[in-house]
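The following exercises concern a single protein model. Each task is followed by a solution in steps.

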Amino acid sequence: MPAPLPRNNRKRMVRRNLLRAIAVASAALVAPLAALPVRAQQELRAEYEAFVSEVAAKHGLDATALRRLFAIIKPQPSIIRAMNAPSTSQPWHAFRKGHVDAVRINGGVKFWRQHAATLARAAREYGVPEEIICATIGIETQYGGYTGNFRILDALATLAFDYPQRAEFFRGELEQFVLMGRETSLNLAGLRGSYAGAMGLPQFMPSSYRKFAVDFDGDGKRNLWSSVPDVIGSVANYYKLHDWQPGAPVAMLARVYAAPDAALIDDITPKTPIAEFRKLGIQPTAGVSDDALAALLPLQTESGMQYWFGFKNFYVITRYNRSTNYAMAVYEISQGIKSERGG
């Protein structure tokens, strides 16, 4: 057995190993930036410079490489306009026309047929039904048909520094995006996605990519652009970690005889037992336990207001996109897919 190193030598070795580890981590971010034009004399916007300095110091990143990345940012005013007029703010009947359609339902049937074994495995491992996974990918990108054409870097920077309403959230996502570069071989300068910075077939934000994306095909990488197994597993994992309840209902039409009190419809959180709704004359249209907790959801149809019960799983879908319209569209698409497939 070799003699132990002297104390000072051991300290030097530990320090060398630590510096080597930091260098390797930084290289993952620097490598994809090597092809970027060098703009050593170009000054960044003050907000960019402050962000770069803070993030580099906080995470031990190469500030010069980050400055080179941030030097190519081009703010996109069209993103601000899109953020100020989201489609999810439309009345339900208008939103439904643009999202619950034969293209997504038939596309979901085809997607399920093509990836049946992977979807079945995800359903077993995560407890999320195949039709919900399919519908989510369908509503997000039409099963990969359109994943967005905005450069992610531009989108996140525009919203982080030119959209005060949600600047804090998007600064956080921009930081997570930079950290993705350290952890992966992705070219941050070339990635494209939605105007809000969402990526890949499931349209994950950078924080969701880092936290919920999984390597479902076992190749050692988490690829949400071209690995359908990774996409399927990641969507299922997202829902599971937001507390999806296997076998529990998602939503149910409610029978309402008079306009309910406004206090009953001011929150999408399921917290009122069905028994309490029954006492108020608001009845479920199918069998459900009196103990089940639900929220009462008003949906504006072309012929008037319609009310639905949203259960815990409906609320989980809104964690993907915090919109009643969005979650209801996912649910309706999923039911259409399941029906067309004969499930």
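A residue is termed buried when its relative accessible area is under 20%, and exposed when that area is over 50%. The model used throughout is predicted.

**Exercise 1.** Determine whether Ser 323 is buried or exposed, and describe its surroundings.

*Solution.* Begin with the position: Ser 323 belongs to the loop between α14 and α15 (324–341). Next, consider its accessibility: Ser 323 has a relative value of 8%, and therefore counts as buried. Then examine the polar contacts of the side chain. It reaches the backbone nitrogen of Asn 325 at 3.2 Å and that of Tyr 326 at 3.1 Å. Finally, setting aside neighbours within four places in sequence, Ser 323 is in contact with Thr 88 and Thr 318.

**Exercise 2.** Establish which strands pair with β7, and in what sense.

*Solution.* Take β6 (residues 293–301) as the starting strand: seven bridges pair β6 with β7 in the antiparallel sense. The connection between β6 and β7 is a hairpin of two residues, and Thr 301 stands opposite Gly 304. Turn then to β3 (residues 251–256), which is joined to β7 (residues 304–310) by three bridges, again antiparallel. Here Ala 251 has Gly 310 as its bridge partner.

**Exercise 3.** Characterise the largest pocket by volume and lining.

*Solution.* The volume of the largest pocket is about 1,400 Å³. Of its 42 lining residues, those closest to the centre are Glu 140, Tyr 195, Ala 196, Tyr 320 and Asn 321. Elements that give two or more residues to the lining include α8 (130–141) and α14 (312–320). Sorted by class, the lining comprises 20 nonpolar, 16 polar and six charged residues.

Methods
Residues are numbered from 1 along each chain as its sequence is written. This is a predicted model: local features need pLDDT of at least 70, side-chain atom pairs count only at pLDDT 80 or more; totals for chains, interfaces and linings use all residues. Side-chain values use heavy atoms; hydrogens and water are left out. On a 1 Å grid over the protein atoms alone, a cavity is a set of points where a 1.4 Å probe fits but cannot get out, and a pocket is an open set with protein on both sides within 12 Å along at least five of seven lines; lining residues have an atom within 4 Å of a point. Grid points are joined across faces, edges and corners, and a volume is the space filled by probe spheres set on the points. Helices (H or I, at least four residues) and strands (E, at least two) are DSSP runs, numbered from the N terminus. Ala, Val, Leu, Ile, Met, Phe, Trp, Tyr, Cys and Pro count as nonpolar, Asp, Glu, Lys and Arg as charged, and the others, Gly among them, as polar. Two strands pair if DSSP finds at least two bridges between them. Buried means under 20% relative accessible area, exposed over 50%, partly exposed in between (1.4 Å probe, protein chains only). A polar contact is a pair of N or O atoms within 3.5 Å; within protein, one must be able to donate a hydrogen and the other to accept it, and residues adjacent in sequence count only if both atoms are side-chain atoms. Contact means heavy atoms within 4.5 Å.
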